[in-house]
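Open the model in your viewer and keep the selection panel ready. We will go from one selection to the next.

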Amino acid sequence: MSTKFDLNDDSVVVIVGSGAGGGTMANELAQKGVKCVVLEAGNKLTLDDIENDEWAMFSKISWLDKRFSAGGWHGAVNHPNLPAWIVKGLGGSTVHWAGVSIRFQEHEFKMRTTNGDVTGANVIDWPITLAELSPYYDKAELKMGTTGEVTGMPHLPWSADFKVLAEGARRIGYSKITAGPMSINSVERDDRPACQQIGFCMQGCKLGAKWSTLYTELPKAEATGNCEIRTNCMVLTIEHDKSGKVTGVVYADSAGTKQRQKARVVCVAGNSIESPRLLLNSASNMFPNGLANSSGQVGRNYMTHMTAGVYAVMPGEVHMNRGTAVAGIVRDEAHNDPKRGFVAGYTLEKLALGLGFLSAFLVPGPTGWGRKVSGALEKYKYMSGVWICGEDLPQEQNRIELHATEKDQYGLPAPVVYKTDHPNDTNMRNHAYQQMEKIYNSLGSTEIYNLPAYPASHNMGTNRMSEKARDGVLNKWGQSHDIKNLFVSDGSQFSSSGSPNPTLTIVALAIRQAEYLAKEMQQGNI
Amino acid sequence: MYNSPLQVGEPAVAGADFTRRRLLKSMMLVTAALALPALPPDAFAAPLSADQKTTLLRVARDIYPHDSLLDDAPYQAVIDAILVEAESSPTVADLLSKGVEDLEQRAQHIYKVNYTAISKPEEREGVLRSIELTDFFQKIKGGLLMGLYNNKALWPKFGYDGSSWETGGFIDKGFDKIDWF
Ligand SMILES: Cc1cc2nc3c(=O)[nH]c(=O)nc-3n(C[C@H](O)[C@H](O)[C@H](O)COP(=O)(O)OP(=O)(O)OC[C@H]3O[C@@H](n4cnc5c(N)ncnc54)[C@H](O)[C@@H]3O)c2cc1C
Ligand code: SF4
């Protein structure tokens, strides 16, 4: 359990971050006998620390280091220091996530081929196909306990709130309406209990029914004796030698003291703001624009999905808080049909918010007050709502940049996160608002609230994979085009966002990457 | 090492309470206080008069009106907490006294009466809209957002159940019951 590696042990793989990507890498490598050290900036929480309280958990686990929102999205004004809503803690954002686990569709790996050049966007195909990733999707679903055919675990039962959405969707002619796939146990599995419909999935699952690397991959990795996990360790820079190969990392340990951990390979999995930031902060004489950045694409093409919320007051009681936060999905608009006025597609995901979050996000920002807001909140138990999640297009100017003067608590330049809608994103959002209005009208609701995007929970694309080195940062294994022993193992690898929530794909990619990395190490290629 | 400007073995973290401060700031911001430059602190800010305190309560009730659902107590609790803060912070005291003064001037200018004497709620809301981006207003709004909607004691009034794991979730408590369509 308590394997320790020496700081000077340069045979280890260092993994930066312990979320969906990093946590999976750690377990996959450890199971194969590869020695690894996980450095996680955040704390270790246990199930005892998890509360059914939105704001309490927000302050316990969110990444709240200094960050700046910029660009044309409303968050630049309304969430100036919270561009993204993700986790700093062992298990990363898998502590927070809701569990939706959808595979990419075949065309979503080939958006360039499918739709050609889209003006103002920087669209490329993935260097891999659905066929190549499919076996790893199977492995990911088995690992995560995703409801559906591969695991044989039934989808979760329909909550009242999902029945509302499903009925409205049916009334407007939709049919792809399911309560999964979710990586939440509907029956006991993998020594974790079945979901008790507690709600608060996004505050951490009190029972561990929902998959999180915190209590699956990470303890399993440690149990092999091949993996050491160091929490409260923030990686500051990645170092390299004269040949350009990476040699290890410098990090601030839990006492705030700088340490250097040597490494044979470094896998970066700090999520799509911190991963490119780390590469940019590791600039050197040899790599003045940051590591792995000969393409200039590190930090670029930042994607968050086209997102929005819609909440409506129903004619009867709903009690949306009772049951899983995301109790079901409608996928009738997930296909690619430019006739709708936009390329790519979106899903409608039923999402319950508690009173605390609904009050802050119904009309976010300084102008969100008044009789209309308070009147809506009085009808909380009549409310139902969805989160709209669609593909957003990569644009070069949507990016993570280092702030010229502002520093974080470690003295490193703080990240500035730029995000502006592409017209395609706006058209898609408006289409989704219209469809939701039809759905809720069909149920007799006339009081409907369109919410703009929340701070980004899905963050992708800032170290993207590409066939050609000039178009992206990584090859099809998530290995840097420039530096052979530097890998990126998180959602920043995505070449395009697809419409599905990203975690299942992050995990599938990590399983595949670990297989490749272990083989390359064994063959002495790295 | 070749590319590192950093020396190992030295402290990397600036200021122990930094994280806490950032956290509070971010919480404020996510609850949407727009950061406007604060008024210069005035060490001689006079304590608020009884009338001014009454105005603050009216303002609070107008920011998130729940005329029949909530009595004054939860609003008053938020205002009281800010008044307590003002006792030790000249900046907050100043924010309040100048904020109320400015509000009264606007009320007088448009309606020739004090804010609390404007009888129509929508007219009071109109006056408040004109100051909604000020620190004064956002201070009260931020307090109310937490004090009203993140207040467990009030959740039953809103029909929100709050924490449920202690009682086994909703699996056997009708999470799937719906009968109106
Ligand atoms: C509220 C919410 C709901 C969500 N719901 C879903 C869902 O239903 N389905 C879905 O697919 N996805 C969902 N997501 C998104 C999902 O959580 C993320 O896509 C996924 O966890 C990202 O994995 P990652 O490995 O890229 O990063 P993370 O899981 O965020 O992990 C990154 C880790 O790296 C650490 N770190 C960062 N920088 C450093 C550094 N320099 N040194 C050391 N450690 C560092 C961080 O502290 C963090 O622990 C949700 C997210 C949120 C916040
Ligand atoms: S609803 Fe189910 S998955 Fe969600 S937190 Fe509760 S037990 Fe966990």
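How many residues of chain B are in contact with chain A? Select them: 64 residues of chain B touch 81 residues of chain A. Keep in mind that this is a predicted model.

Next, turn on the surface. The size of an interface is often given as the accessible area lost when the parts come together. Between chain B and chain A, about 6400 Å² is buried. Carbon and sulfur atoms give 64% of that area.

Now look for charge pairs. Three salt bridges link chain B and chain A. For one of them, select B:D67 and A:R371, whose side chains meet at 2.9 Å, N to O.

Widen the search to polar contacts. Between chain B and chain A there are 22 such residue pairs, both partners at pLDDT 80 or more.

Stay on chain B and color by helix. The elements that give two or more residues to the side touching chain A are α1 (18-30), α2 (50-63), α5 (121-129), α6 (135-149) and α7 (155-158). Select α1(B): its eight residues are the largest share of that side. Then color the whole side of chain B that touches chain A by class: 36 residues are nonpolar, 16 polar and 12 charged.

Last stop: ligand 2. Which residues surround ligand 2? Select A:I184, A:C195, A:Q196, A:Q197, A:I198, A:G199, A:C201, A:C205, A:L207 and A:T324. Color this shell by class as well: six residues are nonpolar, four are polar, and none is charged.

Terms used
Residues numbered from 1 in each chain as written. Chains lettered and ligands numbered in written order. Predicted model: local features only at pLDDT ≥ 70, side-chain atom pairs only at ≥ 80, totals over all residues. Heavy atoms only, no water. Near = heavy atom within 4 Å. Nonpolar A, V, L, I, M, F, W, Y, C, P; charged D, E, K, R; others polar. Contact = heavy atoms within 4.5 Å. Buried area = accessible area lost by both parts, 1.4 Å probe. Salt bridge = Lys/Arg side-chain N within 4 Å of Asp/Glu carboxyl O. Polar contact = N/O pair within 3.5 Å; in protein donor to acceptor, adjacent residues only side chain to side chain. Helix = DSSP H or I, 4+ residues; strand = E, 2+ residues; numbered from the N terminus.
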